[in-house]
Amino acid sequence: MDISSQEKIREHSARDIAHRWFAYFEGKDKIVDRQLEILSEDIKILHASSYLLVDGKESAAKWAANIPEEVDSHFIKEFNYNPIGEDLAEVKMKIAYQVIQPNNQIGGAIIHYQTLVTFDENNSALFKFVNKTPVEPNPNKGFADSYQENRIYSLIYRWIYLLETFNSEGIKELLVNDGHPFIFSERKDVKNYEEWTNFMEQLSAQTQYGHYEVESIDTETLSDNQVLVEIKATWKRVIKGELVTSPVQYRLKLQDTGERYLKIVDLQE
């Protein structure tokens, strides 16, 4: 695989787990095992480069189980991905954190995250090291909830990563009722999940490698648990040695059923 395509795919997987990381703290029902899924066995988590919070998966389980129940939010304002080894990348993030304190005052901070992310043979990401350092108070005193945004963006980057790796079985997890029925409003040749799987297999056989470059993500809330997302991107791939570039657009209706990821109720390509 071309190095630039591989790193784009890895970045999308890293963005997925970053949003999953923060959604865990914000959610009401914290399922520890789901948070552990995005951590390596030798995970280390530090506060301000000096206080060791977690050293290894076992201590991570204890730490994650004892996160205080707070009303808080974490918006990713900056995300910088930098490959530094064969299966390793540094991800730096600037986070706008807020919390509603017992006196109903809004507290918070701007937090710098320095992390190391490791990748498996499928370019799937895990956090190996996390160092979070508050650097200044958050000047915004009007509380904004980020839980839905983190849930949505985690799903989007998971979806894109699975498209890039032609992982139709992985995508099935993201579909309501395992894709039965699964609606492709614009594709006359694809009427159900099985036909779409065949379509994906044909694309995979034709494509040497490729990746998506996301240009915009727009969301519209439909109800308490449903949202409409429009993704515009450029799909760059190599077919028979030639670079092919195509603009693509997806409209996804998503539903939050409380599972690992939001579910795709409807897809329009």
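**Figure 1. Secondary structure of the protein, with six helices and 10 strands.** The model is predicted. Among the elements are strand 5, covering residues 106–119, and strand 6, covering residues 125–137. A loop containing N123 runs between these two strands.

**Figure 2. Surroundings of N123 in the loop between strand 5 and strand 6.** N123 has a relative accessibility of 7% and therefore counts as buried, the cut-off being under 20%. Its side chain is in polar contact with the side chain of R10, at 2.8 Å. The loop residue N123 thus combines a buried position with a side-chain polar contact.

**Figure 3. Overall dimensions and packing of the chain of 269 residues.** The C-alpha trace spans about 60 × 45 × 35 Å along its principal axes. The radius of gyration is 19 Å; a compact globule with 269 residues would have one near 18 Å, so the two agree. Of the 269 residues, 48% count as buried, and N123 is one of the buried residues. Among contacts with a separation of 6 or more, 58% are between residues 24 or more positions apart.

**Figure 4. Surface and charged side chains of the protein.** The exposed area is about 13500 Å², of which carbon and sulfur atoms supply 46%. There are 30 positive and 44 negative side chains. The centres of the positive and negative sets lie 2 Å apart.

Conventions
Residues numbered from 1 in each chain as written. Predicted model: local features only at pLDDT ≥ 70, side-chain atom pairs only at ≥ 80, totals over all residues. Heavy atoms only, no water. Helix = DSSP H or I, 4+ residues; strand = E, 2+ residues; numbered from the N terminus. Buried < 20%, exposed > 50% of the residue type's maximum accessible area, 1.4 Å probe, protein only. Polar contact = N/O pair within 3.5 Å; in protein donor to acceptor, adjacent residues only side chain to side chain. Rg over C-alpha atoms; globule rule 2.2 N^0.38 Å. Contact = heavy atoms within 4.5 Å. Areas by Shrake-Rupley, 256 points an atom, 1.4 Å probe, with all protein chains shown as cover. Lys, Arg positive; Asp, Glu negative; His and termini not counted. Charge placed at Lys NZ, Arg CZ, Asp CG, Glu CD.
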